[in-house]
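Subject: Structure handover

Hi,

Here is the structure I promised to pass on. Have a look at it first, and my notes follow underneath.

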Amino acid sequence: MRASAIAQPNIAVIKYWGKRDLARNLPAVGSISVTLSTLYTEMQVEIDTALAGDVLLVNAEENRSMLARVSDCVDIIAGIDRPAVRVSSKSNFPIAAGIASSASAFAALVVAAAAAFGLSIPRNRLAQLAGRASGSAARSMLGGFVELENDTDNIRVGSLLSAADWPLEILIAITAPGPKPVSSGDAMEISRRTSPFYDLWIEQQAADLAEARAAIRQRDLQRLGAIAEHNCLKMHSVMWGSRPPMIYWNSATIACMQTIRELQARGVAVFFTIDAGPQLKAICAAADVMTVRTALLATDGVLELMQSGIGEGARLVSA
Ligand code: PMV
């Protein structure tokens with residue numbers, strides 16, 4: 001009747017931007033991400049027949065704004081005739097600020113909800129169900145380097161390399177902790193409808209995925225960095241070209257980008273990526289992490305730095 005699960009957020013190196021099926025929340029493109037190890041969301045789902053409706057607590061405070069999405073996700077797992085649930089979520093990082101909090105939240109939620117209702121659902125099916133709530137959540141079902149394949153009528157996730165196979169470090173430079181002004185789901189639709197670059201973005205994704213897959217297979221950080229930065233900046237160009245434009249960056253985001261480019265010019269193997277928020281994520285070899293930390297901490301506007309290795313997929317912690 002009660003189960004808890006943990007999931008880690010993931011950072012895409014080849015991005016998902018755009019939906020091809022709004023009703024089923026299917027992505028228009030495939031994507032590749034790394035699952036983080038130190039940031040987490042823990043979700044507890046408790047069936048409570050005494051409740052009149054579902055209740056959501058986020059970090060011990062009642063939250064109504066996310067309740068509908070959470071209830072819909074539990075419906076997808078357990079059916080709409082299910083009893084009410086109390087869902088409690090705990091995260092050790094800021095939510096809705098472009099650090100993929102919805103990915104870890106919904107990945108943990110599907111695992112916990114399936115266990116609370118006593119359902120045994122294969123992992124790939126759980127990934128598809130998590131993906132209905134948040135496209136990137138499907139990738140947090142697995143650890144290491146994860147590819148989300150955008151099949152004809154559904155999605156499939158697969159692991160390209162485990163965390164132990166290529167132990168990189170990820171630094172997240174927090175430049176503004178607040179929630180983002182436009183949700184990624186809404187922003188993707190604005191891009192699809194209005195950006196003159198949108199079709200080209202979709203068209204080129206297969207080539208970007210193939211290049212990243214090859215770089216990951218060879219564990220070639222420079223090669224992966226080149227395609228990841230290109231793919232990230234192309235996604236933001238789609239947003240900048242939208243009407244209204246969506247500019248998630250601030251001046252510190254750009255300053256961080258310049259810091260990474262200066263490190264690269266000095267021969268440090270590091271690359272950046274930025275999602276639908278103002279935080280910059282730097283990915284580097286473990287041996288270079290202190291150099292990258294020091295440079296980002298000295299960058300104007302960096303409020304805080306989070307660090308993570310590459311971690312595991314969503315898992316049950318108690319049932
Ligand atoms: O899963 P969503 O709906 O929060 O969208 C994620 C979009 C990006 O983070 C910008 C890119 C990605 O692939 O994670």
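Let me start with a pair you can find quickly: Ala5 sits across from Leu316, a residue of strand 16. Keep in mind that this is a predicted model. The pair belongs to the contact between strand 1 (residues 2-7) and strand 16, which are antiparallel and share three bridges.

Both strands are part of an open sheet of six, with mixed pairing and the order 8-7-9-6-1-16. At its edges you'll find strand 8 (61-62) and strand 16 (315-318), each of them paired on one side only.

There is a second sheet to look at. This one is also described as open, has four strands in the order 13-14-12-15, and pairs antiparallel. Its edges are strand 13 (270-274) and strand 15 (304-308); each has a single partner strand, so one side of each has no neighbour in the sheet. From one strand to the next, the twist averages 25 degrees.

Strand 15 has its partner in strand 12 (residues 168-174): the two run antiparallel and are joined by five bridges. If you want a residue pair to click on there, Ile170 is opposite Ser308 of strand 15.

Now the part I suspect you'll open first, the ligand. Where does it lie relative to domain 1 (2-164) and domain 2 (169-308)? Both domains contribute residues to the shell around the ligand, so the ligand lies between them.

The shell has 14 residues, and those that come nearest are Tyr16, Ser134, Ser136, Arg139 and Ser184. By type, the shell splits into six nonpolar, five polar and three charged residues.

Some polar distances to ligand oxygen atoms, in case you want to check them against your own setup:

- Tyr16: a backbone N or O atom is 2.8 Å from a ligand oxygen.
- Ser134: an N or O atom of the side chain is 3.1 Å from a ligand oxygen.
- Arg139: a polar atom of the side chain is 2.7 Å from a ligand oxygen.

So Tyr16 makes its approach through the backbone, while for Ser134 the atom in question is in the side chain, as it is for Arg139.

How much of the ligand's surface does the protein bury? Taken alone, the ligand exposes 380 Å², and the protein buries 91% of that.

That's what I have for now. Shout if anything is unclear.

Cheers

Definitions and conventions: Residues are numbered from 1 along each chain as its sequence is written. This is a predicted model: local features need pLDDT of at least 70, side-chain atom pairs count only at pLDDT 80 or more; totals for chains, interfaces and linings use all residues. Side-chain values use heavy atoms; hydrogens and water are left out. A residue is near a molecule or strand if one of its heavy atoms lies within 4 Å of it. A polar contact is a pair of N or O atoms within 3.5 Å; within protein, one must be able to donate a hydrogen and the other to accept it, and residues adjacent in sequence count only if both atoms are side-chain atoms. Accessible areas come from the Shrake-Rupley method with a 1.4 Å probe; for residues, only the protein chains shown count as cover. Ala, Val, Leu, Ile, Met, Phe, Trp, Tyr, Cys and Pro count as nonpolar, Asp, Glu, Lys and Arg as charged, and the others, Gly among them, as polar. Domain bounds come from an automatic or database domain assignment. Two strands pair if DSSP finds at least two bridges between them. Axes are lines fitted to C-alpha atoms, for helices over the stretch in contact, and angles run from 0 to 180 degrees between N-to-C directions.
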